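Please look through the structure below with this briefing beside it, taking the topics one at a time.

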Amino acid sequence: MIWFQSANDKAKPARKVCFAAVLMATQFFSSNAHSAEPPFTVKSEQVLLFDADTGSVLFSRKADLPFPPASLAKLMTAEIAFQALIEGKLQPDTAFTVSEHAWRTGGAPSRTATMFARLNSQLTVNDLIQGITVQSANDGAIVLAEGMSGSEQAFAEVMNERAQALGLKQSVFINPTGLPQDGKQQVTLTDMVKLARHLHDSYAQYYPLYSQESFSWNNILQRNRNPLLRLNMGADGLAMGGTKETGLSIIASSQQNGRRVYLGLNGAKSVLERTEDAEKLIRWAMNDFVKASVFNADTVVAQAALYGGTQGSVGLVVHEAVSVLVPVQDKTKLRSQVIYEGPVAAPVTKGQEIGRIQILHDTDVLLERPVYAAQDVAEGTLRNKSLDALYELATGWIRRLLK
């Protein structure tokens, strides 16, 4: 059972911590909590395991460390195409020509992942996106990029603009394939899992391509390259990559019993190691966690210190219910902390966003949500402001020392 200390009881500590310019309004509660490590060895160097329903991070290891995307870059390539199709800027039956550059760089002569498109042949957009999503075809990605933007370089500019718009803060793309090229091409697991979730949520009519069993072009039948699809675990996408320098990677998603999880891995030393790590982590997420309610919608979760108001603090609420996934057998402590810049200057309007609340296990942030003022607080009298100013004068030096 989860229990909380009253948010009202936290008003004074919140004010103290606020003026110390540290994490504020901290609360604690007991539950079956997030496990710092899964109960088995994960050999991949980087991991991010994420539950879509609650937004909980179930396991994270170096998730924000950049690495070369290799074929994971094609997730961004596909996103550009899907968006253009949805907006009517691209038609499924539009045909693009296979240039010599596309054929040599990503076709049969390249000895890379390919759909074996013939030189100077024409492929429809529908066939190209199947080649990209099912076979991770480099020739398909280049033909699509050249057809849409004129060149790989011009298409990469679109990729980067779109990545920034989607909040992929550390991703930089140089080409639509992820093949090595001069320049710094990089992604993070955090960005790629965010992109995978966006692809699923925004493109329902195209996402099923990632679980298409096979695709044939040029009389050559190729099975989907994702081994998780054949393990009876609800896997339905997305992409794999890898380089000699940083190891093998995968961005995967699985749905079972109404729950969906996303997994990012990088740094596996072999295909077998990558598959085993991914399978164990997804099965663990699906079988060993239960959903626990943390806060109800519009619950006061903490108090924020006010400056110059008719009262010294204001309650903070979450607009939507907050839940986390917790391991069934691991009974430890979780904690929540509200972070905001304070003291907050009055007047304050009900519903005004003040900061954000984090649910943590140790130092790992499981999820984060915005918090809002629970009520209106008017600007105070000159006496109120004078008292607050004296308090700030007396305690502000502590905040400055701790910055």
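**Nonpolar cores, one helix and a buried arginine**

In this predicted model, the largest nonpolar core is made up of 56 residues, and those with the most contacts inside it are Leu75, Phe82 and Ile129. Two or more residues of this core are given by each of β2 (46–51), α2 (73–86), α4 (125–135), α5 (138–149), α6 (152–165), α7 (189–202) and β8 (235–243). The largest share, nine residues, comes from α2.

**The cores**

- Phe82, once its neighbours within four places in sequence are left aside, is in contact with Ile129, Thr133, Leu199, Tyr203, Tyr206, Leu209 and Tyr210.
- Apart from the largest core lies another one, which has 27 residues, including Ala292, Ala304, Val338 and Val371.

**Helix α7**

- From its first C-alpha to its last, α7 reaches 20 Å with its 14 residues, which is close to the 20 Å expected at 1.5 Å a residue.
- Buried in α7 are Leu189, Asp191, Met192, Val193, Leu195, Ala196, His198 and Leu199.
- These buried residues of α7 pack against β2, α2, α6, β8, β9 (247–256) and β10 (259–268).

**Arg274**

- Arg274 is found in helix α8, which covers residues 271–287.
- Although Arg274 is buried, it has no salt bridge, and the nearest side chain of opposite charge, that of Asp277, is 9.4 Å away.
- Not counting residues up to four places away in sequence, Arg274 touches Met240, Gly241, Leu248, Ser249, Ile250, Leu265 and Ala268.

How values were computed: Residues are numbered from 1 along each chain as its sequence is written. This is a predicted model: local features need pLDDT of at least 70, side-chain atom pairs count only at pLDDT 80 or more; totals for chains, interfaces and linings use all residues. Side-chain values use heavy atoms; hydrogens and water are left out. Helices (H or I, at least four residues) and strands (E, at least two) are DSSP runs, numbered from the N terminus. Buried means under 20% relative accessible area, exposed over 50%, partly exposed in between (1.4 Å probe, protein chains only). Lys and Arg count as positive and Asp and Glu as negative; His and the chain ends are not counted. A salt bridge is a side-chain nitrogen of Lys or Arg within 4 Å of a carboxyl oxygen of Asp or Glu. Contact means heavy atoms within 4.5 Å. A nonpolar core is a set of buried Ala, Val, Leu, Ile, Met, Phe, Trp, Tyr and Cys residues joined through side-chain atoms within 4.5 Å. The expected span of a helix is 1.5 Å times one less than its number of residues.
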